[in-house]
Amino acid sequence: MSHLGGPLDTSGMLAVGPPGGPLRARGRPRTAVRSTLVAVVSTVVVFGILVWITVNAPGWAEVQVSFFNATVFTNAFPDIVAAFSLNIQLFAIAEVLILVLALALAVFRSLPGPVFFPLRFLATIYADIFRAVPGVLVIYILGFGIPGLGLPGIPTDPFPYAVIALTLIYSAYVSEVYRAGIESVHPSQEAAARSLGLSRLQALRYVILPQAVRRVIPPLLNDFIGLQKDTVLVSYIGVVEIFRQSQITQQAKFNYTPYMATALVFIAVTIPLARLTDILVSRDRRRAAASAR
Amino acid sequence: MGGEGSRGAAPAATTPALVVEGVHKSFGQLEVLAGIDLTVAQHEVVCLIGASGSGKSTLLRCVNLLEPLDAGRIVVAGEDICAPGVDVNRVRRRIGIVFQAFNLFPHMSVLDNVTLAPRKVLHLAPAEATTRALALLERFGLADKQREFPDRLSGGQQQRVAIVRALAMEPGLLLLDEVTSALDPELVAEVLAVIRELARGGMTMLIATHEMGFARDIANRVCFLDAGRILEDGPPEQMFRAPRAERTQRFLQRVMEAGRL
Ligand SMILES: Nc1ncnc2c1ncn2[C@@H]1O[C@H](COP(=O)(O)OP(=O)(O)O)[C@@H](O)[C@H]1O
Ligand SMILES: [Mg+2]
């Protein structure tokens with residue numbers, strides 16, 4: 001369920017693809033028709049076999065009743081979709097905070113010279129710790145620990161802790177993505193900017209970061225796909241979001257169909273984002289191949 | 001505000017544009033500059049020649065404070081720019097540098113490449129910066145390219161934009177580092193023409209180059225750099241016709257054999 005194992009390898013996404021890639025799709029029509037046909041046939045065969053194995057399995061009858069129950073599905077679906085609005089809020093707020101915090105961390109880590117050592121050091125420690133500790137633990141520690149301190153005026157509602165925990169966890173990964181982007185901008189760009197009299201910060205702001213951010217948009221989107229899914233982890237501290245809601249329904253109905261409904265919701269929102277990422281990646285590859293002429 | 005104030009007090013006509021004194025620079029064990037002394041007068045054009053790896057680029061980068069010195073002093077228009085407490089950003093404003101690989105900003109249009117520093121460093125109003133940039137682009141035949149991005153330009157056009165970008169800061173000294181070395185042969189001439197035009201206009205320039213014919217035409221003085229030292233320097237006629245040092249002779253011999261002179 002969790003993506004917290006780490007961000008997808010960004011080096012692959014920044015790499016220049018083979019220039020032949022985009023051309024192949026435009027190959028001779030007869031070859032294209034034939035390969036489409038082969039793809040369709042092999043897909044049908046593979047899935048046919050899988051379905052056949054599943055429905056002929058000895059326990060299929062019970063699984064069908066407890067996972068694919070149409071009545072339960074119809075009854076549970078509105079509640080589940082309604083609960084998903086909380087995931088969307090979590091995701092939307094955390095995403096903005098992550099973009100800002102991660103950028104600050106990445107910039108701190110890229111500042112050269114002994115003066116900035118403390119900032120570099122803190123940012124490094126931060127990334128190390130939050131990538132090391134399993135996300136669920138961060139959520140538990142914040143969600144139960146901070147309110148448990150009993151400090152006056154501190155919120156007892158778990159929602160803010162959920163947002164903070166997701167932000168802290170994901171900023172560590174996203175800062176690495178930004179950093180890869182910053183380091184992929186050739187030092188001659190900074191030299192050119194500085195030689196014109198721009199300060200180090202101006203060079204970063206106007207020359208390096210715009211190029212870096214453009215290059216890391218696809219891996220950033222990938223991390224946000226992970227974040228979207230990981231919003232279910234905050235159900236552990238009592239936020240009644242989509243996963244907790246499906247759990248409630250499951251326990252009431254003694255039926256697992258609500259989980260399937262939840263899965264469907266995630267598929268519906270994630271696939272468009274995944275496709276968008278793919279499109280951006282292949283557009284970048286084409287561009288890189290074109291400029292490497 | 002703007003160019004005039006930031007250039008500081010106008011140096012007396014006799015103050016050299018650049019004085020390099022005993023400059024040493026090493027990268028680890030490798031001593032690249034082993035005591036460079038060099039003076040460039042106002043409006044003078046000095047060409048640095050020498051084998052690849054002799055330290056030409058390093059010297060230019062040191063003058064622009066892109067590399068810290070190990071020892072020595074650099075004085076620009078009477079101001080010691082290596083003195084403690086000197087604002088490097090202010091110094092670099094007065095010294096333009098153009099690189100072999102152009103180093104244009106790929107995410108910006110030609111116009112934005114040229115106006116970025118005037119806007120952000122000299123704090124010119126955008127309209128003012130644009131007017132000045134367009135005048136410069138016009139002067140070097142690039143006005144119709146103002147909206148293009150660098151990757152849509154030929155190498156020669158890119159390098160001319162890079163020169164215009166440096167000129168937009170109205171530098172008192174322009175450093176050119178093998179600005180034609182990355183160009184296809186048929187594009188070299190347009191860039192050299194720009195530099196000739198600048199020389200006619202009285203721009204003070206220190207030029208590292210492999211174009212010996214060009215150096216002979218344009219330079220007031222040619223310096224031969226060898227193993228981190230200026231082995232020999234003099235007017236181009238003397239340097240190319242009757243070089244004194246044996247190593248200079250051998251270098252020019254090799255250049256001639258390669259058909260570059
Ligand atoms: N940043 C650097 N780090 C290490 N060595 C360098 C660096 N810059 C230049 N060098 C070395 O210094 C020597 C002189 O280089 P350079 O100044 O570029 O020579 P030129 O421009 O005359 O060809 C070369 O041997 C080069 O490898
Ligand atoms: Mg060089």
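# Guided tour of a two-chain predicted model

Select chain A and colour by burial: 39% of its 293 residues count as buried, where buried means under 20% relative accessible area, exposed over 50% and partly exposed in between, using a 1.4 Å probe and protein chains only. This is a predicted model, in which local features need pLDDT of at least 70 and side-chain atom pairs count only at pLDDT 80 or more, while totals for chains, interfaces and linings use all residues. Residues are numbered from 1 along each chain as its sequence is written, chains are lettered from A and ligands numbered from 1 in the order in which they are written, and side-chain values use heavy atoms, with hydrogens and water left out.

## Confidence

For the complex, the predictor reports an ipTM of 0.89 and a pTM of 0.82. Now colour by pLDDT, the predictor's confidence in each residue on a scale from 0 to 100. Chain A has a mean of 87, with 89% of its residues at 70 or more. Residues 1-25 of chain A fall below 50, and this stretch has 39 contacts in the model beyond near neighbours in sequence; a contact means heavy atoms within 4.5 Å.

Chain B averages 91, and 94% of its residues score at least 70. Its residues 1-8 have a pLDDT below 50 and make 12 contacts beyond near neighbours in sequence.

## Chain A

Switch to a cartoon view of chain A. It has 12 helices and 0 strands; helices (H or I, at least four residues) and strands (E, at least two) are DSSP runs numbered from the N terminus. Select helix 1 (residues 10-14) of chain A, which has the lowest mean pLDDT among the elements of that chain, 41, and then helix 9 (residues 187-195) of chain A, which has the highest, 96.

Next, display contacts. In chain A, 80% of the contacts with a separation of 6 or more are between residues 24 or more positions apart. Add the surface: chain A exposes about 16,100 Å², and carbon and sulfur atoms supply 70% of it. These accessible areas come from the Shrake-Rupley method with a 1.4 Å probe, and for residues only the protein chains shown count as cover.

Zoom in on A:Thr270, in helix 12 (residues 257-291) of chain A. A:Thr270 counts as buried because its relative accessibility is 14%. Leaving out residues up to four places away in sequence, A:Thr270 touches A:Ile225 and A:Gln228.

## Chain B

Hide chain A and show chain B, which has 10 helices and 10 strands. Its C-alpha atoms fill a box of roughly 55 × 45 × 40 Å along the principal axes. The radius of gyration of chain B is 18 Å, which agrees with the value near 18 Å that a compact globule of 261 residues would have; the radius is taken over C-alpha atoms, and the globule rule is 2.2 Å times the number of residues to the power 0.38.

Buried residues make up 54% of the 261 residues in chain B. Its accessible surface comes to about 11,200 Å², with 49% belonging to carbon and sulfur atoms. Of the contacts in chain B between residues at least 6 apart in sequence, 66% join residues at least 24 apart.

For confidence by element, select helix 1 (residues 3-6) of chain B, with the lowest mean pLDDT in that chain's elements (40), then helix 4 (residues 110-120) of chain B, with the highest (97).

## Single residues in chain B

Select B:Cys82, in the loop between strand 5 (79-80) and helix 3 (88-94) of chain B. B:Cys82 counts as partly exposed because its relative accessibility is 30%. Not counting residues up to four places away in sequence, B:Cys82 touches B:Leu69, B:Arg73 and B:Ile74. To check a distance, pick the C-alpha atoms of B:Cys82 and B:Asp184: they are separated by 38 Å, and the residues are 102 apart along the chain.

Move to B:Pro236, in helix 9 (residues 236-241) of chain B. At 2% relative accessibility, B:Pro236 counts as buried. Apart from neighbours within four places in sequence, its contacts include B:Ala215, B:Arg216, B:Val222 and B:Arg241.

Two backbone angles close the tour. B:Leu65, in the loop between helix 2 (56-63) and strand 4 (71-76) of chain B, has a positive phi near 60 degrees and is not a glycine. B:Leu65 counts as buried at 15% relative accessibility. B:Asn103, also not a glycine, has a positive phi of about 55 degrees. Find B:Asn103 in the loop between strand 6 (95-98) and helix 4 of chain B; at 8% relative accessibility, B:Asn103 counts as buried.
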